[in-house]
Amino acid sequence: MKIDQSSADISDLDALVMAQDEIIQDMLVEIAKVYETEVDIQGPHTANTLLVTPTPVAFESVPPCSLDAGMRAVLANSNHPAARSVLAAQHLLSWGSNPVEGNTQSSIAALISVLTLMGPEGPIPAPDVRLGLVYMRPDSYYPMHLHDADETYAIIAGQALWTAGDDIRMRGVGSMIHHPSMMPHAFRTGAEGFIAIWRWSGDINTHSYTFTEHLEADLLA
């Protein structure tokens with residue numbers, strides 16, 4: 001019996017696409033679970049938006065970003081379900097797209113890598129919320145900054161000394177930190193760095209993102 005090679009190739013491609021889609025969907029479900037438990041009503045709203053909004057783009061294999069090794073290392077050391085799902089999907093994630101990069105000095109932008117998953121510009125479209133992942137390099141300090149949006153971080157791997165207004169303490173896996181609109185916040189990492197999920201709600205414009213007037217002193221700290 002002769003097998004149509006082109007049909008076989010198409011079948012293999014379909015199977016690959018389905019497998020990749022399942023990996024991404026598993027990750028989105030685990031991320032949604034994190035925000036379903038948030039006290040702020042915008043957390044469950046963001047989780048529901050993530051689950052019910054169709055994903056119009058295909059997540060395909062991409063070359064590893066320059067910080068891939070560090071990301072994989074900190075994810076591998078975490079038992080958080082979302083961290084495991086992100087690690088499984090790492091080869092499909094286009095890290096590096098930062099919606100506020102235009103408001104950030106290049107030396108500061110180099111400390112982090114951002115993956116936007118949902119927002120007005122996509123890839124999963126949402127007009128009133130933004131959501132994604134952020135990785136921060138080991139032994140780094142991201143200085144005090146603020147923005148109009150309400151924001152909640154959920155750390156899924158690693159840890160950092162976190163400043164949220166007057167609250168300064170170590171935050172690790174499982175920590176959820178809420179920044180109300182215009183609350184100054186900053187983070188300092190140790191030997192691992194960290195990966196967190198972040199979400200924005202309220203006024204989610206990017207032009208208000210700014211560093212405080214003490215930026216120079218913060219950078220020297």
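Visitor: What is the relative accessible area of arginine 171?
Guide: The model described here is a predicted one. A residue counts as buried when its relative accessible area is under 20%. Arginine 171 meets that condition and is buried, because its relative accessible area is 11%.

Visitor: Which side chain meets that of arginine 171 in a salt bridge?
Guide: Side chains of opposite charge can pair when their charged atoms come close. The salt bridge of arginine 171 has an N to O distance of 3.1 Å. Its partner is partly exposed, with a relative accessible area of 28%. That partner is aspartate 167.

Visitor: Which residues are joined into one network by salt bridges that share partners?
Guide: A search of the whole structure finds 7 salt bridges. Some of these share partners and form one network. The residues joined in this way are Glu38, Asp40 and Arg199.

Visitor: How far apart are the closest N and O atoms of glutamate 30 and lysine 33?
Guide: Both residues lie in helix H1, 3 residues apart, about one turn of the helix. Glutamate 30 is buried, at a relative accessible area of 19%, whereas lysine 33 is partly exposed, at 43%. They form a salt bridge in which the closest N and O atoms are separated by 3.4 Å.

Visitor: Which residue in strand S6 stands opposite alanine 160?
Guide: Strand S6 comprises residues 167–171. It pairs with S5 in the antiparallel sense, over 5 bridges. In this pairing, the residue of S6 opposite alanine 160 is arginine 171.

Visitor: What is the phi of glycine 165 in the turn between S5 and S6?
Guide: S5 and S6 form a hairpin, with 2 residues between the strands. Glycine 165 is found in the turn and has a positive phi. The value is about 65 degrees.

Visitor: How many bridges join S5 to S8?
Guide: The two strands run antiparallel. One of the facing pairs is alanine 157 of S5 with isoleucine 195 of S8. The number of bridges that join S5 to S8 is 13.

Visitor: What is the bridge partner of threonine 152 in S7?
Guide: S7 spans residues 176–179 and pairs with S5 in the antiparallel sense over 4 bridges. Threonine 152 takes part in this pairing. Its partner in S7 is histidine 178.

Visitor: How many of the 15 residues of S5 are buried?
Guide: S5 is largely enclosed by the rest of the structure. This follows from the count of its buried residues, which is 12 of the 15.

Visitor: Which residues does serine 175 touch, not counting residues up to four places away in sequence?
Guide: Serine 175 is found in the loop between S6 and S7. It is buried, with a relative accessible area of 18%. Its contacts are Tyr153, Ala154 and Ile155.

Visitor: Which residues touch the most other members of the largest nonpolar core?
Guide: The largest nonpolar core holds 35 residues. Within this core, the most other members are touched by Met27 and Ile197.

Visitor: Which element gives the most residues to this core?
Guide: Several helices and strands each supply at least two residues of the core, including helix H2, strand S1 and S8. The element that gives the most supplies 7 residues. That element is H1.

Visitor: Which residues of H3 are exposed on its other side?
Guide: Asp68, Met71, Val74 and Leu75 of H3 are buried. They cover an arc of only 135 degrees around the axis, so they lie on the same side of H3. The buried residues of H3 pack against H4, S1, S3, S5 and S8. On the other side of H3, the exposed residues are Ala69 and Ala76.

Visitor: What is the angle between the planes of tyrosine 142 and phenylalanine 187?
Guide: The structure holds 9 aromatic pairs. The pair of tyrosine 142 and phenylalanine 187 has a centre to centre distance of 5.7 Å. It counts as stacked because its planes are under 30 degrees apart. The angle is 25 degrees.

Visitor: How many residues apart in sequence are the parts that tyrosine 142 and phenylalanine 187 tie together?
Guide: Tyrosine 142 lies in strand S4 and phenylalanine 187 in strand S8, so the pair ties together separate parts of the sequence. Tyrosine 142 is buried at 2% relative accessible area, and phenylalanine 187 is buried at 3%. The separation in sequence, in residues, is 45.

Technical notes
Residues are numbered from 1 along each chain as its sequence is written. This is a predicted model: local features need pLDDT of at least 70, side-chain atom pairs count only at pLDDT 80 or more; totals for chains, interfaces and linings use all residues. Side-chain values use heavy atoms; hydrogens and water are left out. Rings of Phe, Tyr and Trp (its six-membered ring) pair if their centres lie within 6.5 Å; planes under 30 degrees apart count as stacked, over 60 as edge-to-face and the rest as tilted. Buried means under 20% relative accessible area, exposed over 50%, partly exposed in between (1.4 Å probe, protein chains only). A nonpolar core is a set of buried Ala, Val, Leu, Ile, Met, Phe, Trp, Tyr and Cys residues joined through side-chain atoms within 4.5 Å. Two strands pair if DSSP finds at least two bridges between them. Contact means heavy atoms within 4.5 Å. The arc is that of the directions from the helix axis to the C-beta atoms. A salt bridge is a side-chain nitrogen of Lys or Arg within 4 Å of a carboxyl oxygen of Asp or Glu.
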